[in-house]
Amino acid sequence: MELPLSYNPSPLDEIIPPLHYAFILAFPVKSVDRDRALGALQQGYSRLLRDRPYLSGDIARDHSPDVRPGSLNLIVPDEPENIKLDVADLSDSSGFSGRSYASIREAKMPQSWLDAELLAPCVAGLATTTKIFTGRVNWIEGGCLLAISMSHAALDGQGAFTVIKYWAQLCRTSENASQFGSVIGGQSGQTKSETITNPSPVRTVSSTTTTFEHLKRRPELWTLLGLHAEDNLVPPDNAISLPLCIPAASTAITGMGTGMRTCIFSFSDQYSASLKAAATPLDGKWISAKDALTAHIWTSLMRARFGGEEKSRSMSDLDKETYGLPSSIAVLIDGRGLPGSGFQPSRINNTVYHCRTQLPLSTVLKSDALPTLAGAIRQNIETVKSNRDLVNDANALAASIPDVGRLTHVVNDFMDRDTVTTSWIDLPFYDLDFGPTLGKPEFFRIPRGQFAGLCCMLPRRPNGDVEVILSARENEMGRLLGDTNFLEYAKLLCE
């Protein structure tokens with residue numbers, strides 16, 4: 001899959017919370033190999049920004065009078081800027097005192113050790129940037145933690161993977177060549193001759209006012225876009241949920257709140273197969289292993305939140321009002337594969353839709369809820385995938401919202417009855433080869449506190465295991481760790 005030569009922000013980018021996020025790839029590197037590894041990374045990075053100048057661009061709100069409020073604008077320099085990788089040696093840093101790569105590997109690279117303030121400052125909000133793509137090489141004793149930061153206003157997970165894959169290819173090519181200069185000079189012209197572009201088909205609508213009036217009363221479209229229907233129809237005067245610039249430090253991903261606990265759980269290939277069998281609906285309808293995993297996490301988290309002994313009540317004793325309230329889980333669907341979407345597989349813009357499944361909390365809490373939940377999740381996914389008009393209408397709504405600088409998203413509290421998942425399971429990060437010195441990453445992680453409260457499904461490991469990051473209040477995580485039903489398929493990896 002080639003990386004597009006051009007980039008234009010689209011309406012689906014303009015409705016995403018404009019925050020920065022980071023992926024951390026870990027590699028074992030001997031001290032004597034640092035210069036060679038850095039040389040390959042730097043050469044690949046420089047080539048990446050020269051070949052695709054938009055990746056060195058700045059994204060910001062467009063305040064022109066002839067565009068809708070909140071619209072995005074990508075400012076691309078005439079010549080690529082900041083093509084030097086940020087490099088930090090953390091070997092003697094207090095944050096990594098006594099933590100070598102070997103110790104990180106032995107501990108399974110716990111997220112609690114990955115402080116964004118050290119590894120990815122712009123993600124922590126310490127260094128505010130409007131760049132859509134930046135890299136930072138963090139050296140520790142015996143290894144490298146490569147932190148890659150992206151603006152979510154420009155790239156979704158699949159888009160970020162496509163960019164990083166191309167970077168890895170350039171690193172590999174550079175290091176394998178006899179001279180770095182021959183690579184840059186000899187292939188740049190060939191790359192420039194490619195014709196792949198990154199179209200934004202959702203930007204075109206015949207009449208935005210007419211379209212919005214026609215579509216705004218359909219809550220299913222707002223939900224598919226991850227937006228709250230009622231709050232966005234008539235936003236209050238103080239409903240400025242998105243910053244006027246991108247990003248502001250105050251809207252960068254913040255650390256975990258007090259009393260929160262985050263753990264990484266592992267679901268082996270064998271346990272995932274058993275979980276899928278247990279979650280298959282009684283009518284035998286097909287579900288995916290991810291459907292089963294999502295259902296298992298949903299019911300387990302709700303049990304941890306609403307069914308503890310210290311609450312002095314069992315699930316059957318929950319007050320009727322709470323017991324009858326809806327509980328939901330949101331699964332993000334990649335729009336690139338949807339029939340009739342018009343999105344090319346190489347598209348790197350945000351192209352995700354929120355498929356939300358909602359059931360009574362009483363149903364989610366049942367001991368035999370797995371088949372019901374998994375079946376409902378799969379049914380809703382298939383409904384979205386098969387309904388071309390639904391997706392097209394959602395795209396039209398995104399393009400016709402009068403003001404995209406004042407949006408409220410559908411789930412505001414990830415720690416109550418609603419859960420949101422984000423998944424990179426099918427992105428083959430562990431297959432990325434950065435060249436002879438670095439090779440393939442041994443771990444994929446995100447910084448501590450990133451996407452706090454979300455259920456994050458990490459890329460499938462080479463042995464087939466799936467790792468999942470879950471956050472909960474201290475007492476609720478304690479209940480989850482004591483839940484034999486949950487641990488029948490999951491193993492605590494680290495925290």
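**View 1. Helix H6 lies across three strands of the predicted model****.** Here helix H6 (residues 157–176) crosses strand S1 (20–28), S5 and S6. Its direction runs at about 40 degrees to S1.

**View 2. An open sheet is built from five strands****.** Follow the order S4-S5-S6-S1-S11, and you will meet mixed pairing along the way. At the edges sit strand S4 (86–89) and strand S11 (443–445), each of which pairs on one side only. From one strand to the next, the twist averages 20 degrees.

**View 3. Strands S4 and S5 meet beside helix H2****.** S4 and strand S5 (residues 133–140) run parallel and are joined by four bridges. Look for Ala 88, which stands opposite Asn 138 in S5. Helix H2 (residues 34–51) packs on this sheet and touches S4, S5 and strand S6 (143–151). The direction of H2 makes about 180 degrees with that of S5.

**View 4. Seven strands make up another open sheet****.** Their order is S9-S8-S10-S12-S13-S7-S14, again with mixed pairing. Strand S9 (352–360) and strand S14 (491–494) are the edge strands, pairing on one side only. Ignoring direction, neighbouring strands are turned by 25 degrees against each other on average. Within the sheet, strand S8 (residues 326–334) pairs with strand S10 (residues 418–423) in the parallel sense over three bridges, and Ala 330 stands opposite Val 420 in S10.

**View 5. Helix H15 (residues 370–386) carries a set of buried residues****.** From first C-alpha to last, its 17 residues reach 24 Å, close to the 24 Å expected at 1.5 Å a residue. Among the buried residues are Leu 370, Leu 373, Ile 377, Ile 381 and Val 384. Arg 378 of H15 is buried too. An α-helix has 3.6 residues a turn, so residues three or four places apart point the same way.

Terms used
Residues numbered from 1 in each chain as written. Predicted model: local features only at pLDDT ≥ 70, side-chain atom pairs only at ≥ 80, totals over all residues. Heavy atoms only, no water. Pairing = 2+ DSSP bridges. Helix = DSSP H or I, 4+ residues; strand = E, 2+ residues; numbered from the N terminus. Axes fitted to C-alpha atoms, helices over the stretch in contact; angles between N-to-C directions. Contact = heavy atoms within 4.5 Å. Expected span 1.5 Å × (residues − 1). Buried < 20%, exposed > 50% of the residue type's maximum accessible area, 1.4 Å probe, protein only.
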